[in-house]
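User: Hello! I am new to this structure and would like to know how its labels are earned. Could you walk me through a few of them?
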Amino acid sequence: MEQTPSSWIQISVCVDSDTSPLLEEAFEHAGALAITFQDSADEPIFEPEMGETPLWSSTRLTALFATPVDIDHILSKVQRHFLAQRPHQLFPHWQVDKLADKDWEREWLKNYKPLEFGPGFWVVPSWLEPPEPNAQHMKIDPGLAFGTGTHETTSLCLGWLFQNRHLFNQESTVIDYGCG
């Protein structure tokens with residue numbers, strides 16, 4: 001049986017959009033388990049065309065490795081790959097961070113707050129008290145199926161239900177016919 005690491009190492013570099021694919025390839029060859037791209041400035045990317053994967057002009061690339069790992073060996077390997085392709089370019093500054101292993105699927109719930117979808121109409125997770133105890137609220141735990149209610153279609157549906165609550169009574173049946 002494969003043992004789960006007790007911690008992880010992430011190596012991050014900020015680079016331009018032309019350098020990102022080169023470093024992605026280098027970190028993949030060095031054994032990265034996951035690679036993510038984030039905006040390292042404040043540059044929006046709007047809906048790309050089909051088949052496009054645009055990157056920000058200043059992109060933070062983060063590679064994740066399971067411990068134990070030889071960071072010096074990884075960085076040396078990545079640097080060699082980079083310099084073979086770009087011999088006259090300076091290798092970007094990197095940041096190495098250790099992450100303790102957590103139940104990542106549940107970790108984000110620590111910061112989850114009740115959401116209001118109309119005056120006095122709240123969606124509240126079961127472990128929190130409603131902000132307005134006498135207001136209408138639904139107890140729903142966000143997760144993989146329902147999500148958080150922040151998705152635009154869910155938010156619009158909840159807003160519509162609140163605005164049209166006069167159409168429903170104790171005998172009403174409402175079907176959530178989702179397509180996700």
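User: Where does lysine 113 lie?

Analyst: Happy to help, and please keep in mind that this is a predicted model. Lysine 113 lies in the loop between helix H3 (104-107) and strand S5 (115-116).

User: Why does lysine 113 count as exposed?

Analyst: Its relative accessibility is 52%. The label exposed is given over 50%, so lysine 113 earns it. As for its place in space, its C-alpha is 27 Å from that of phenylalanine 37, and the two are 76 residues apart in sequence.

User: What makes phenylalanine 65 buried?

Analyst: Phenylalanine 65 has a relative accessible area of 2%. Buried means under 20%, so the label fits phenylalanine 65. This residue belongs to strand S3 (residues 59-66). Between its C-alpha atom and that of serine 17 there are 23 Å, with their positions 48 residues apart along the chain.

User: Which loop holds phenylalanine 91, and why is this residue called buried?

Analyst: You will find phenylalanine 91 in the loop between H2 and strand S4 (94-100). Its relative accessible area is 14%, and the limit for buried is under 20%, so phenylalanine 91 is called buried. Its C-alpha atom is separated by 16 Å from that of histidine 73, 18 residues apart along the chain.

User: How do you know that the peptide bond from threonine 67 to proline 68 is cis?

Analyst: The omega angle tells us: for this bond, omega is near 0 degrees. Proline 68 itself sits in the loop between S3 and helix H2 (71-85).

User: Why is tryptophan 160 called partly exposed?

Analyst: Tryptophan 160 has a relative accessible area of 44%. Partly exposed covers what falls between under 20% and over 50%, so tryptophan 160 takes that label. Its home is helix H4 (residues 152-163).

User: Which residues form a nonpolar patch with Trp160 on the surface?

Analyst: Leu167, Phe168 and Val174 join Trp160 there, and together they have about 390 Å² of accessible area.

User: What is the volume of the second largest pocket, and which residues are closest to its centre?

Analyst: The volume is about 260 Å³. Of the 13 lining residues, Phe121, Met138, Leu161, Arg165 and Phe168 are the closest to the centre. Two elements, strand S7 (136-139) and H4, each give two or more residues to this lining, and S7 gives the most, with three.

User: How do the lining residues of the second largest pocket divide by kind?

Analyst: Six are nonpolar, six are polar and one is charged.

Technical notes. Residues are numbered from 1 along each chain as its sequence is written. This is a predicted model: local features need pLDDT of at least 70, side-chain atom pairs count only at pLDDT 80 or more; totals for chains, interfaces and linings use all residues. Side-chain values use heavy atoms; hydrogens and water are left out. Patches are made of residues with over 30% relative accessible area and no salt bridge: like charges are joined within 9 Å, nonpolar side chains (Val, Leu, Ile, Met, Phe, Trp, Tyr) within 5 Å. Accessible areas come from the Shrake-Rupley method with a 1.4 Å probe; for residues, only the protein chains shown count as cover. A salt bridge is a side-chain nitrogen of Lys or Arg within 4 Å of a carboxyl oxygen of Asp or Glu. Helices (H or I, at least four residues) and strands (E, at least two) are DSSP runs, numbered from the N terminus. Buried means under 20% relative accessible area, exposed over 50%, partly exposed in between (1.4 Å probe, protein chains only). On a 1 Å grid over the protein atoms alone, a cavity is a set of points where a 1.4 Å probe fits but cannot get out, and a pocket is an open set with protein on both sides within 12 Å along at least five of seven lines; lining residues have an atom within 4 Å of a point. Grid points are joined across faces, edges and corners, and a volume is the space filled by probe spheres set on the points. Ala, Val, Leu, Ile, Met, Phe, Trp, Tyr, Cys and Pro count as nonpolar, Asp, Glu, Lys and Arg as charged, and the others, Gly among them, as polar.
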